[in-house]
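Welcome, and thanks for opening the viewer. Keep your selection tool handy and follow along stop by stop.

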Amino acid sequence: VAVEFDGPSHYYHSSASSSSRDASKMLRTAKTELRDCLLAKQCAKVVTVPWFEWRDAGSTPEKRRAYVREKLAKEAGVEVSRLFSCMKCSLCSLLARLDARGAIWRK
């Protein structure tokens, strides 16, 4: 499973929506679509996290981790430990290190 966090540069913005950042008017760029197409050839599933969904997921790391867990379960059929306790798989390790901005911090 590939997980991509797509920031604003992964979307086209019309002049009308660029100021309001209206998610309903966002279109993914051709480059982003190509990236996902190439990833899909190598991975069983590609799950993307749009920046506007990440923004709306909540302000705490716990809420955002829950959002990613739910998205992975819904879109890829992947169940991730609620407490990220296994830390043996790279996914649990990644999710445990997500901060509020979606950035990965290192120990």
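How exposed is Phe5, buried or partly exposed? Select Phe5 and have a look: its relative accessible area is 28%, so it counts as partly exposed. Bear in mind as you go that this is a predicted model.

**Stop 1: the aromatic rings**

Keep Phe5 on screen and add Trp54. The structure holds four aromatic pairs. In one of them, the ring centres of Phe5 and Trp54 are 5.1 Å apart and the planes stand at 90 degrees, so this pair is edge-to-face. Phe5 belongs to strand 1 (residues 2-6) and Trp54 to helix 3 (residues 51-56), so the contact ties together parts that are 49 residues apart in sequence. Unlike partly exposed Phe5, Trp54 is buried, with a relative accessible area of 7%.

Now select Trp51 and Phe52. Their ring centres lie 5.7 Å apart with the planes at 85 degrees, so this pair is edge-to-face too. Both Trp51 and Phe52 are buried.

Finally, add Tyr67 to Phe5 and Trp54: these three residues form one aromatic cluster.

**Stop 2: helix 4**

Tyr67 is a good handle for the next selection, residues 61-76, which make up helix 4. This helix has 16 residues and reaches 21 Å from its first C-alpha to its last, close to the expected 22 Å. Colour its buried residues, which include Arg64, Arg65, Tyr67, Arg69 and Lys71. Step just past the end of the helix to Gly77, where phi is positive, at about 70 degrees.

**Stop 3: the salt bridges**

Nine salt bridges turn up across the whole structure. Which residues does Arg35 meet in salt bridges? Select Arg35 with Glu4, where the N to O distance is 3.3 Å. This pair links distant parts of the chain, with Arg35 in helix 2 (residues 30-42) and Glu4 in strand 1, 31 residues apart. Arg35 has 18% relative accessibility and counts as buried, while Glu4, at 22%, counts as partly exposed.

Swap Glu4 for Asp6 and you find Arg35 in another salt bridge, at 2.9 Å from N to O. Here helix 2 and strand 1 are again the partners, so parts 29 residues apart in sequence are tied together. Asp6 is buried, at 1% relative accessibility.

Next, add Arg28 in strand 3 (residues 27-28). Arg28 also forms a salt bridge with Asp6, the closest N and O atoms being 3.5 Å apart.

For a last view, show Glu4, Asp6, Arg28, Glu33, Arg35 and Asp36 together: they are linked in a network of salt bridges.

Notes: Residues are numbered from 1 along each chain as its sequence is written. This is a predicted model: local features need pLDDT of at least 70, side-chain atom pairs count only at pLDDT 80 or more; totals for chains, interfaces and linings use all residues. Side-chain values use heavy atoms; hydrogens and water are left out. Helices (H or I, at least four residues) and strands (E, at least two) are DSSP runs, numbered from the N terminus. The expected span of a helix is 1.5 Å times one less than its number of residues. Buried means under 20% relative accessible area, exposed over 50%, partly exposed in between (1.4 Å probe, protein chains only). Rings of Phe, Tyr and Trp (its six-membered ring) pair if their centres lie within 6.5 Å; planes under 30 degrees apart count as stacked, over 60 as edge-to-face and the rest as tilted. A salt bridge is a side-chain nitrogen of Lys or Arg within 4 Å of a carboxyl oxygen of Asp or Glu.
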